[in-house]
Amino acid sequence: MTIEIVIIVMLLASLFGAWVLSVWRKLEMQEENIRNALHQTLVQLSAEREALEGLTELLKDVIDAELLQEMRCSLENAQDGGEVRQPEWISERQRELLRIQNKIAEISESMQLLQTQETYQKYWKAAKSYEHMVETSGLIYNDSVESYNGMLRKMPDRIAAGICGFHRKKMIEIM
């Protein structure tokens, strides 16, 4: 009778271990999706910043030095430093780049000749395109986070996630 109990306990422990491992693998895959989406968002954000830098350089001869320095400083602050960034950091950078883009649009509105330049048009289209790509990448990231967080809320996966040390992720605020 005791050997049967030991076998049953061992079988239950094996099943529990297999279940925890299964949940761990699903959550690890979800975290990989989140990391990939975050990286893609950072790449698009960096490209948008570079396009805005190009536009700023085109304006350097027509705006005052103080405004030019402010815009350059803002763009420098929006640069990716290489460490893993959090959604709050991305949202702040998006807001800063949008502010710069609006400032460039405001300045160039009164300069019809500038707007007709091919270089200006290319940089402007690139900046707008990358802005859209950042938004799309952010939506993909948020969808991955929503799926991941949903798994963490469901019972019994919630128990295995707690055992394995998984925690909720934050979403990116889409501009």
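In this predicted model, Trp19 comes out as partly exposed, with 25% relative accessibility. That figure sits above the 20% under which a residue would be called buried. Its ring partner is Phe16, and the two form a tilted aromatic pair, with 5.7 Å from centre to centre and 45 degrees between the planes. The tilted label applies because 45 degrees is neither under 30, as stacking would require, nor over 60, as an edge-to-face pair would. Phe16 is also partly exposed, at 43% relative accessibility. Both residues belong to helix 1, where a spacing of 3 residues puts them about one turn of the helix apart.

A search of the whole structure turns up 3 aromatic pairs. Besides Phe16 and Trp19, these include Tyr120 and Trp124, whose rings are stacked, with centres 6.3 Å apart and just 5 degrees between the planes. Here the label is stacked because the planes are under 30 degrees apart. This pair sits in helix 5, which covers residues 118-153, and its members are 4 residues apart, again about one turn of the helix. The two rings fare differently when it comes to cover: Tyr120 is buried, at a relative accessible area of 5%, whereas Trp124 is partly exposed at 23%.

Back in helix 1, which runs over residues 2-59, there is also Leu11. Leu11 is exposed, with a relative accessible area of 53%, and so it clears the cut-off of over 50% for that class. Leu11 joins Ile8, Leu12 and Leu15 in a nonpolar surface patch of about 410 Å². For the chain as a whole, the exposed area is about 10,900 Å², and carbon and sulfur atoms supply 56% of it. Buried residues, for their part, make up 35% of the 175 residues.

As for the fold, the chain has 6 helices and 0 strands. Read from the N terminus, the order of elements is simply α-α-α-α-α-α. The radius of gyration is 24 Å, well over the 16 Å that the globule rule gives for 175 residues, so the chain is more spread out than a compact globule. Along the principal axes, the C-alpha atoms fill a box of roughly 95 × 25 × 20 Å. When contacts with a separation of 6 or more are considered, 75% of them are between residues 24 or more positions apart.

Charged side chains come next. The count of salt bridges is 13. One of these joins Arg35 and Glu32, with the closest N and O atoms 2.8 Å apart. Like the tilted ring pair, this one is local to helix 1: Arg35 and Glu32 are 3 residues apart, about one turn of the helix. Both members are partly exposed, Arg35 at 42% relative accessibility and Glu32 at 35%.

Arg49 and Glu50 form another salt bridge, with 4.0 Å between the closest N and O atoms. The distance still counts because the rule accepts a nitrogen and a carboxyl oxygen within 4 Å. Arg49 is buried, at 5% relative accessibility, whereas Glu50 is partly exposed at 46%.

A bridge of a longer reach in sequence pairs Lys170 with Glu88, at 3.0 Å from N to O. It links distant parts of the chain, 82 residues apart: Lys170 lies in the segment after helix 6 (157-164), and Glu88 in helix 3, residues 87-109. Lys170 is exposed, with a relative accessible area of 52%, while Glu88 is partly exposed at 34%. Bridges can also share partners, and in this way Arg49, Glu50 and Glu53 are joined into one network.

Notes: Residues numbered from 1 in each chain as written. Predicted model: local features only at pLDDT ≥ 70, side-chain atom pairs only at ≥ 80, totals over all residues. Heavy atoms only, no water. Patch = residues over 30% accessible without salt bridge, like charges linked within 9 Å, V, L, I, M, F, W, Y side chains within 5 Å. Areas by Shrake-Rupley, 256 points an atom, 1.4 Å probe, with all protein chains shown as cover. Helix = DSSP H or I, 4+ residues; strand = E, 2+ residues; numbered from the N terminus. Buried < 20%, exposed > 50% of the residue type's maximum accessible area, 1.4 Å probe, protein only. Rg over C-alpha atoms; globule rule 2.2 N^0.38 Å. Contact = heavy atoms within 4.5 Å. Phe/Tyr/Trp six-rings, centres within 6.5 Å; stacked < 30°, edge-to-face > 60°.
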